[in-house]
Structure formats: C-alpha cells, structure tokens
Amino acid sequence: MTMESRRLSMTRWTATSASIWIQCFGGASYTFSIYSSALKSSQGYDQSTLDTVSVFKDIGANAGILSGLLYSAVALNRRVCFGGPWLVHVAGAIQCFAGYFFLYAAVSGLVERPPVAVVCLFMFLGAHSQTFFNTTNVVTGVHNFSDYGGTIVGLMKGFMGLSGAILVQFYDTLCNGNPSNFLLLLALLPTLVSILFMPFVRIYGACRAEIDKKYLNYFSAFALLIAAYLMVIIILRNIFTFPLWASVSTFTLLLLILLASPIGIAIKAQLVELKRQRETSTSTASYALLGKEASREYDHEDMNLVSAMSSVNFWFLFIAMLCGMGTGLATINNMSQLGQSLGYTTVEINTFVSLWSIWNFLGRFGAGYVSDYLLHTRGWARPLLMALTQATMAAGHLVISSGFSGNLYVGSVIVGICYGSQWSLMPTISSEIFGVTHFGTIFNTIAIASPVGSYIFSVRVIGYIYDKQASREHESSCNGTHCFMLSFLIMASVALFGSLVSLALFFRTKRFYDSIVLSRLRHFPN
C-alpha cells in the first residue's frame, strides 16, 4: 500500500464509513419477532417462558456497562500495547457468534433441548454483542467529530435502529422463510462484517476542518435515502407478494447502495481535506497550535462513572430516560396486542411493527441533527430538545389512548420518532456534561433505564391493567378501547413528568453550555 492510498484508507472519514457498515448489521436483537415463534415451538415453551427469554434479550441489548469499561481500558489507555477500538469489536463479534449460533443449534435440533436458563444466557450473549458494536462506533465517532457530536451520534444510533429492517431484507431474500437459517445468518453476518471493518475504526482526533459539516450532511442524506428505500419496500411487501426476481432485485440494489455510498463520501471528503491542507499548510499548523491552547481553556475535567453517579445531572438524565425510553419501548412491545384489541387487521399490525424501525431511525437521526443545528445557530442546549420531544411523546400516548379511528397510524409515528430521539440526545448530552473519557461507560449505565422502564410499564402497568380488564369479560383476551386507555393515560403522564425533569436539567446546565460548550464552538467556527 502506497503512502497516498494509506492516507486515504486510514482517516476519520473511512472510520465513519466502517462504523456505518458495522451498525447496519449490528442490531440483531431487533429481529426477535422473526424467530421467536420457532424458538417457542422447538423448545416447547409457553408464552411466559418466551417472555422471560425476551427479557434477557432486552437486558443484553441495553446493559452496555461492560462495553464502556472495556473501551475506556483498551481504546483510550495508551499504556495498553496493541490497544484500540478493534478489541471491543472482537469482544462483540465473539459474543454475537456464540450467542446466535447456540440458538441456531437449539432451534434446528443440532443439540438436545437445553434448559431455559442456558437459552436465556446465550440470548443475553447474542444481544449483548450489540452494545459492544454500538459503544465502539458511537464513542469513536464523538472523538473524531467532537463539534458535531449530535450529528455523528444520530447517524450511528440511526443506522443501528435501521439494522433490524436491513436484516429482515436478508431474511426475506436468503432464508426462504426459515427462522433457523436466519439465526445462522445472525451468527455469521454481523460477526464477519465487524471483523472485516474493525481495523478502520480508530480515533483520529477532531481536526475541526471546515468541510466537516458538509460531508456529515452527505452521510445524513445517505441515511435518509436508505430509510426511504426501506420504508417503500416494507409497505410494498405488506401489500403485495414479491416474486423471487423482485426480492432479489430490491435486495441487490440495497446492497449496492450500502456498499458504494459511504466509501464514496469518505474518499471525496478526504481528498478535499488533503487538498486544503496542502494549500494552507502554514496557517493550518499555526491554527492547530492555537486550537490546542484554546482547547485547554474551554475544556472541563472529565468525570468517571462514580463521580458522574454522584451528580444530580446524572440522575436527572436517568429519570428522564426511564420515563421516555421506558414508555416508548413498552409501546412497541405491546403494539400487536394493542392493534388486535382495537380491531386492526393483521396486515395493518405487521405494517405498524415493521415501520417502527423507520420512525425510530428518524427520531435518532433527526434529533441528533436538529440538536446540532439549534446548538450551533441558536445556542439552545440539547436538554431543551429532550424536554420538547418527551412532551410530544406524551401527546402521542394520549392519541393512542383515545381509541379514535386510525389512532395507531398517528400515535405510532409520534411515539416512534420521539422514542428514537432519546437514543441520540442522551449519549450526546452525556458526552458534553460528563466528558468523553468515560463517555461509553456513563451513557451505557444511563441506558439501563430503558429495560427497567419497559419492565415497569409493560408488565406492571399495561399487562396488569389488560389482564384485569380481560378477567371482567371472563376471556383470555380483551377487545375495545378500554383495554389500554388507562395504561396509556398513565404513560402520557409519566412522559410529561420526564419532560419536566429534562426541562429542569436544561436550566441546571444552561450556564455550563454557555460557558463551556458554546464558547468552544464559537472559538472554532465550522
């Protein structure tokens, strides 16, 4: 490899492309509904046992503390020989292969029927790999583009949200409706993709080039293109039966767009960056020296997990996420039952569930992009946008509780977008308030609020009230608006409370954003 080609292949732009590819295939936990029925029938589970396995999936996919600790130890610690983000990817790849290959072996009959506890363990491992991929790509992206943390987190979280829909396209095209083959695909595809691209995912440092915003916008346009394409395919598949040639054609086009676009953007951005560096080598050197001195002036001491958990801001964020993420995840977990009780057709319910990944993506990507725009142009601190999205989510819960005709069409879009927005706003706010050194550990600790909130609202609120209403009708199922009305009124109140907590966080951190974050951005106009 020549020096010029190496300079093009090992940059923060190629790191972004590699991270996007890994994220596109890293969200295997979002496809549980594809193989859950096969797992249930092959192992002889009842619904309660299957729900227990699903809980371990949710815990694994959200409890990313270990990935954050490992990233801090091997990627940021210069005393570790041969360290780097690639080690975190390796740990994720091992867990992904071990977890999903064991599930494939159990469902396909390669091994004798294992105990429920063993299945739960490997389900946890498979889903837990997602946090290692996610932490590596998100934290590395924030280090490489610190001035546009919202945009880069929105991109990474957005593609992770889209990965479920992308993997379903693989299932529809390659697996012939066989869930056990899909489990084998989940064991191999994310593992191979992460191992193939992990050498490119490195921390290069934020260069604060003028072209950052322009080419991050190109990545954003690419993300929107993929989301629009998937949305059209999902709707068409739910209306029409695709012949083999149509499935193969749409699948091939998706792969070509996924492979070609990110690397094309990365090469173009790096060529422009190299050209400008040659033209302004002297001023660039003096600018870098000035930037280093200014960074010291505007930087604040980064917190570790213990010191962060000792602060009020950490618990404000945790409570806000408990309310926002918890009620949002509880909504999607009960979407099928909700649709059945309100009289929606199976096709409509499947469309709601399938399109949730698109609304989730739009929230993740949109909130990151918009929060960067408002911070750079208006000086609005990100917690204010978090408060607004949670208040909007409360309105979405009210729409669902109302039970009017077509309420799920409107409510699922509102709640889906607002739920997704929490996943890009929370990590970005964490990196700004607590610093980037232990950022991976801190935001993954706060993310535990998601499965905790989901358990509270899914089991203790929605499940309890639903069963109580069904028992009054002396049936195992409940039909009508009364089945979920009270539950979603409660969740609307909780989301509104979360909005007030986020608003309190906004006022608590307003002076900090003015004195530290905005001062740094003004000093480095992009």
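Analyst: Quick ground rule before we start: Ala, Val, Leu, Ile, Met, Phe, Trp, Tyr, Cys and Pro count as nonpolar, Asp, Glu, Lys and Arg as charged, and the others, Gly among them, as polar. Also, this is a predicted model.

User: How many cavities of 30 Å³ or more does the structure hold?
Analyst: The cut-off here is a volume of 30 Å³ or more. With that in place, the count is 3.

User: How do the residues lining the largest cavity divide by class?
Analyst: The lining is Ser371, Leu374, Trp380, Ala381, Arg382, Leu384, Leu385 and Leu388. Arg counts as charged, and Ser falls among the others, so it's polar. Trp, Ala and Leu are on the nonpolar list. The split is 6 nonpolar, 1 polar and 1 charged.

User: Which helix gives the most to that lining of the largest cavity?
Analyst: Two helices, 16 (346-377) and 17 (382-402), each supply at least two residues. Arg382, Leu384, Leu385 and Leu388 are in the lining, and they sit within the 382-402 range. With 4 residues, the top contributor is helix 17.

User: And the second largest cavity, what volume does it have?
Analyst: Among its lining residues are Gly26, Cys96 and Phe133. Its volume is about 40 Å³.

User: How many residues of the second largest cavity's lining come from helix 7?
Analyst: Helix 6 (85-108) and helix 7 (116-144) each put in at least two. Gly126, Ala127, Ser129, Gln130 and Phe133 are lining residues that fall inside 116-144. Helix 7 has the largest share, 5 residues.

User: How many charged residues line the second largest cavity?
Analyst: Its lining includes Ala28, Ser29, Tyr100 and Gln130. By class there are 5 nonpolar and 5 polar residues, and the number of charged ones is none.

Note on methods: Residues numbered from 1 in each chain as written. Predicted model: local features only at pLDDT ≥ 70, side-chain atom pairs only at ≥ 80, totals over all residues. Heavy atoms only, no water. 1 Å grid on protein atoms, 1.4 Å probe; cavity = no way out; pocket = protein on both sides within 12 Å on 5 of 7 lines; lining within 4 Å. Points joined across faces, edges and corners; volume = space filled by probe spheres on them.
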